[in-house]
Amino acid sequence: MGKTIIISNRLPVQLQISNGSINAIPSVGGLATGMKSVHSGGESLWIGWSGLTDEETPPELEGKIDQALKENGCAKVKLNANDIDGFYYGFSNRTVWPLFHYFLEYSEFELDFWETYRSVNQKFADAIIEKSEEGDTIWVHDYQLMLVPQMVREKRPDTSIGFFLHIPFPSYEIFRTLPWREEILEGLLGSDLIGFHTYDYERHFLSSVRRLLGLEVSFNEIYMDNRAIKVDSFPMGIDYKKFHDAALAHEQNYNEERSDFQLRLDHHKASAPDTKLILSIDRLDYSKGIAKRLNAFEYFLKKYPQYQEKVRLIILAVPSRSNVPQYQLLKKEIDELVGRINGELSTVNWTPIWYFYRSLPFENLIDLYTSSDIAWLTPLRDGMNLVAKEYIATRTDKTGVLILSEMAGSAYEMNEALLINPNNFEEQANTLQQAINMPKEEQINRNTFLQNRLERYNVEVWANEFMNALNEKRDLGRAFVSE
Ligand code: ADP
Ligand code: G6P
């Protein structure tokens, strides 16, 4: 049995250089936070981008950088500023991300972006080819690396290759608008196993393969070049124990070890004890529906003025992809919306929205999750949305209400949450009212089901199921060859 190599653009840590020393900062985002738990428990090697371009890396620090990554079980792929522009800010986040999230009008079809995407995917593939041996298992992650499976297979057909997409796979009608649609499908089909969060994404992918490549598809297998490629859905879980235990520790050490952040939350709670806290946490991304949520909140406060001074919305928006123009525009839009709504509705005693635009340490995320009466997550499209699962995991007394968009992959597994259409303000206003008034027993009842499911199907089980399916595929292949 060979080793396992994980490969993704984003490593679990991002390196930064300050005053000649190297700092490793935890990465934000579902892929990094989820896979980190899987990686730290095993023997795998994780290959990806360090967060520093060649131009930002003084040659004398190369050794220290490699060492810092090695300490985290990682190795780097070297990328220059031009690569990052065309591959990361370009094709990945100005072409694929908007298209796969159904923002067709934001998607830019630039030949330069595509060419850089292809050449950078080759760099990732070369790093795997160099570090892998016969019998190894290679697990490629996400939309930044869709050509890698085929590139690796060409040189290393003796390895097992799995691919997991962390974002939605769009319907055929959307996907077919991409000028390089066949190349992307062929890249992915270099895998032995392709995984998606939901059955819908899987179906969309199979439909595109059938209609664009004309390949034979039977149930969830695709036949190509005398190979069978398996396609399946594996909804990603969270490290339930990590979040639940952190919340328990937070509760137990409450009097001795409260963070400054928690102290401030408590201070506000004490000054307005019957005010409900409504929380949302997202990367600042148009797919998360933050602007619509703000508008829906204003609509709610005007429709039900009795809740003015009785609720407060906390928006934690984590800076993300800030070199991409759409993200800059969104930042401006949200800054203005928060300013306008607060300006219009605030009173001497009350500010309706608290807005934080920053990344917070893990302990403050726990402060927020445990202090909030309601979590309100309204993505317009989201591959999964792990924040919804994390909120539920931290509710040690099982109270709390989750309002979740139907457009998030996690909604498929979280039926006991209050599911909403983020475009329907009327429904959201009524759902907020329902959440504010939900009896404790009902909250506990709903969250008991949710917590049991999240605890059972945690991120480790998710990773094991994917790896077992990949290994099974390899064993079947071997049996077939020896017959
Ligand atoms: P996405 O992957 O699109 O960013 P998810 O909701 O699936 O959305 O995952 C976001 C992840 O990022 C969660 O695991 C969450 O805990 C983490 N995260 C979000 N905000 C912060 C923050 N301010 N600091 C640290 N981690 C954060
Ligand atoms: C989503 C994507 C990940 C990505 C993360 C953060 O979860 O699926 O691939 O790493 O967002 O985005 P970033 O661009 O900062 O890596």
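**Ligand 1**

I looked first at which element gives the most to the shell around ligand 1, and found that H14 does, with three residues. The model is a predicted one, which I note here before going further. I then listed the elements that each supply at least two residues of this shell: helix H1 (30-41), strand E12 (276-283), strand E13 (311-318) and helix H14 (386-393). The shell holds 16 residues, and the closest are Gly29, Gly30, Thr33, Leu386 and Val387. Sorted by class, I have nine nonpolar, five polar and two charged residues around ligand 1.

**Helix H14**

Is H14 mostly covered or hardly covered? I found it mostly covered, with eight of its eight residues buried. I wrote the buried residues down as Leu386, Val387, Ala388, Lys389, Glu390, Tyr391, Ile392 and Ala393. Two of these names, Leu386 and Val387, I had already entered among the closest residues to ligand 1.

**Ligand 2**

I turned to the second ligand and asked which element gives the largest share of its shell. H1 does, with three residues. The residues around ligand 2 are Arg10, Gly29, Gly30, Leu31, Ala32, Asp142, His166, Ile167, Ser320 and Arg321. By class I noted three nonpolar, four polar and three charged residues. Gly29 and Gly30 are on this list, and both are also among the closest residues to ligand 1.

**The whole protein**

I stepped back to the overall fold. I read off 17 helices and 17 strands in the protein. The radius of gyration is 23 Å, close to the 23 Å that the globule rule gives for 483 residues, so the protein is as compact as a globular protein of that length. Along its principal axes, the C-alpha trace spans about 70 × 55 × 45 Å. Buried residues make up 45% of the 483 residues. Of the contacts with a separation of 6 or more, 77% are between residues 24 or more positions apart.

**The core**

In soluble globular proteins, nonpolar side chains tend to be buried together. I looked for the largest nonpolar core here and found 127 residues in it. Those with the most contacts inside this core are Ile7, Ile128, Val148, Ala388, Leu402, Ile403 and Leu404. Ala388 is one of the buried residues of H14.

I picked Val148 for a further look. Leaving out residues up to four places away in sequence, Val148 touches Ile7, Asn121, Phe124, Ala125 and Val140. In helix H5 (residues 148-155), the buried residues are Val148, Pro149, Met151, Val152 and Arg153. What covers them? The cover over the buried residues of H5 includes strand E1 (4-10), helix H4 (111-131), strand E6 (137-141), strand E7 (160-164) and helix H7 (181-188).

**A hairpin**

I checked strand E3 (residues 21-26) next and found it hardly covered, as the count of buried residues among its six residues is zero. Strand E2 (residues 13-18) pairs with E3 in the antiparallel sense, over six bridges. I looked up two of the partners in E3: Leu15 is bridged to Ala24, and Gln16 is bridged to Asn23. E2 and E3 form a hairpin with two residues between them. In the turn, Asn19 has a positive phi of about 50°.

**Two residues with fewer neighbours than the burial cut-off**

Is Ala81 buried or exposed? I counted 11 C-beta neighbours inside 10 Å, so Ala81 is exposed, since the cut-off for exposed is 12 or fewer. Ala81 lies in helix H3 (residues 81-100). Not counting residues up to four places away in sequence, Ala81 touches Thr53 and Glu55. From Ala81 to Asp373 I have 44 Å in space, C-alpha to C-alpha, and 292 residues in sequence.

Asp245 lies in helix H9 (residues 240-252). With 14 C-beta neighbours inside 10 Å, Asp245 counts as partly exposed. I also took the distance from Asp245 to Pro149: they are 37 Å apart, C-alpha to C-alpha, and 96 residues apart in sequence. Pro149 is one of the buried residues of H5 entered above.

Key:
Residues are numbered from 1 along each chain as its sequence is written. Chains are lettered from A and ligands numbered from 1 in the order in which they are written. This is a predicted model: local features need pLDDT of at least 70, side-chain atom pairs count only at pLDDT 80 or more; totals for chains, interfaces and linings use all residues. A residue is near a molecule or strand if its C-beta atom, placed from the backbone, lies within 6 Å of it. Helices (H or I, at least four residues) and strands (E, at least two) are DSSP runs, numbered from the N terminus. Ala, Val, Leu, Ile, Met, Phe, Trp, Tyr, Cys and Pro count as nonpolar, Asp, Glu, Lys and Arg as charged, and the others, Gly among them, as polar. A nonpolar core is a set of buried Ala, Val, Leu, Ile, Met, Phe, Trp, Tyr and Cys residues joined through C-beta atoms within 7 Å. A residue is buried if 20 or more other C-beta atoms lie within 10 Å of its own, exposed if 12 or fewer, and partly exposed in between; C-beta atoms are placed from the backbone. Two residues are in contact if their C-beta atoms, placed from the backbone, lie within 7 Å. The radius of gyration is taken over C-alpha atoms; the globule rule is 2.2 Å times the number of residues to the power 0.38. Two strands pair if DSSP finds at least two bridges between them.
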